[in-house]
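Dear colleague,

Please find the structure below, handed over for your review. A summary of what was found in it follows.

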2 protein chains.
Amino acid sequence: MERSGEKSQREKSKDLNRQKVKNAAAEIIRREGIEQLTMRRLAEAAEVSLRTPYNLFGSKTDVLLALLDDLNDRYIAAAQAMDGRPALRRLFGTLDDFEREFSADEAFYREVFHGIMTADQVEPRRVGYDGLIALTQDLLRQAAAQGELPADVDADALGEHLAVLFMSVLGMWASGFFDLRACVAHVRRAWASQTPDIETSTR
Amino acid sequence: MERSGEKSQREKSKDLNRQKVKNAAAEIIRREGIEQLTMRRLAEAAEVSLRTPYNLFGSKTDVLLALLDDLNDRYIAAAQAMDGRPALRRLFGTLDDFEREFSADEAFYREVFHGIMTADQVEPRRVGYDGLIALTQDLLRQAAAQGELPADVDADALGEHLAVLFMSVLGMWASGFFDLRACVAHVRRAWASQTPDIETSTR
DNA sequence: GATAAATTTATAACACGTTATATGCTCCCG
DNA sequence: CGGGAGCATATAACGTGTTATAAATTTATC
């Protein structure tokens, strides 16, 4: 039995292989595009057997999901970093953060997202759907508590709605319908029309 | 040389095979689900060779797109059928029509849509993206001309925006994130917040 | 009606994601 | 240190969408 905190040699070895697979996947996507990312090629580049990525991740989709692992954490951290400011401003601030982060590497993120979304079955939890809704609802509840929202607004329902709009438009960006700038503009416009008239951008 | 209007025997025979393939595809999806729709099984059910659907449609995705062929026409016809009424009312009326039409056969349409959206590359034109934008812009231009919109609203930009929101949320419905009722509710709410305060449902 | 062109057919093959099988290696525990 | 458990490996295989090849069949043209 291993104690929590310290990792067995076995686990460290698995982590190493996980890292090798993730690095190889990211490099192939960046250098040659996601259509070149086959499991055989990935295994070869990561210097593991074909079976190993399946053992460590489960499927090709799970490898792509792993490339986005720390993304949710960063999103939440960004929202919390803007601590003193009004909740609605923080909400729109997450949009700015998202745009900044993704536009630095738009092609990469688009290909990863699209690869995930085109899986046979998309499991909402795994793509951060629930977490995004929870975060948005949380910010809107704070906004309501601070009097930033009209009293008759259901903060939870609105939070779910705004999160759905965000993810929906993101999905079309991933499918190549428009670029990231247009994607964020659509979300910003939709969000702004449902929230009181404040400065909707922190830039 | 064939005259326009009359079809050659060649073309009639191809139309017949197209119909056989489309009917077989729809039947397999309805009876056994889209995961049972393989090209080999489809060819067998349609009583054609494996190659023929590729000759007649191009790819599996194109077969699915063909199942939705007359959908756009119906959408446009529905918008025009409500002729006398205000343009904004007609716009929301198309939402009602969409909900009525699809809820009668939700599982079928969802599987077809999802099958199309999960293709390697989605071509916006082929999924009716451009047509939907054009229709929405048209209705909003009429609304502006009839004074239903504030003077400072850019009808074309708003039309594109509303169409994008519709298609985006539709994409998430197709991926199974929520059901059709929730899908339409999200679109209605997003649309309503961007248009003047009228009765947003014709029901 | 004969000949050429267009389609369909039958069969095999390719690359893909994924799984099965059997073998080998490495680490943990007594 | 020895043995068993956990994991990686190599290889083959399956079903998938799609394409190649060559033969058969249907349609158009002279």
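**Protein surfaces near the two DNA strands**

By class, the residues forming the surface near DNA strand D comprise seven nonpolar, 10 polar and seven charged ones. Please bear in mind that this is a predicted model.

DNA strand D is surrounded by 24 residues, and the closest of them are A:Ser49, B:Ser8, B:Gln9, B:Thr38 and B:Lys60. Two or more residues apiece are given to this surface by helix 1 and helix 3 of chain A, and by helix 1, helix 2 (39-46), helix 3 and helix 4 (60-67) of chain B. Helix 3 of chain A supplies the largest share of the surface near DNA strand D, with four residues.

Turning to the other strand, 24 residues lie around DNA strand C, and those that come nearest are A:Ser8, A:Gln9, A:Thr38, A:Lys60 and B:Arg51. Here the elements giving two or more residues are helix 1 (9-32), helix 2 (39-46), helix 3 (51-56) and helix 4 (60-67) of chain A, along with helix 1 (9-32) and helix 3 (51-56) of chain B. Near DNA strand C, the largest share, four residues, comes from helix 3 of chain B. The class composition of the surface near DNA strand C is seven nonpolar, 10 polar and seven charged residues.

How is chain B related to chain A? A turn of 180 degrees with a shift of 0.0 Å along the axis lays chain B on chain A with an RMSD of 0.1 Å. This is therefore the relation of a two-fold axis. Both copies use the same surface, as 100% of the contact residues of chain B recur in chain A.

With kind regards

Technical notes: Residues are numbered from 1 along each chain as its sequence is written. Chains are lettered from A and ligands numbered from 1 in the order in which they are written. This is a predicted model: local features need pLDDT of at least 70, side-chain atom pairs count only at pLDDT 80 or more; totals for chains, interfaces and linings use all residues. A residue is near a molecule or strand if its C-beta atom, placed from the backbone, lies within 6 Å of it. Ala, Val, Leu, Ile, Met, Phe, Trp, Tyr, Cys and Pro count as nonpolar, Asp, Glu, Lys and Arg as charged, and the others, Gly among them, as polar. Copies are superposed by least squares on the C-alpha atoms of residues with pLDDT of at least 70 in both. Two residues are in contact if their C-beta atoms, placed from the backbone, lie within 7 Å.
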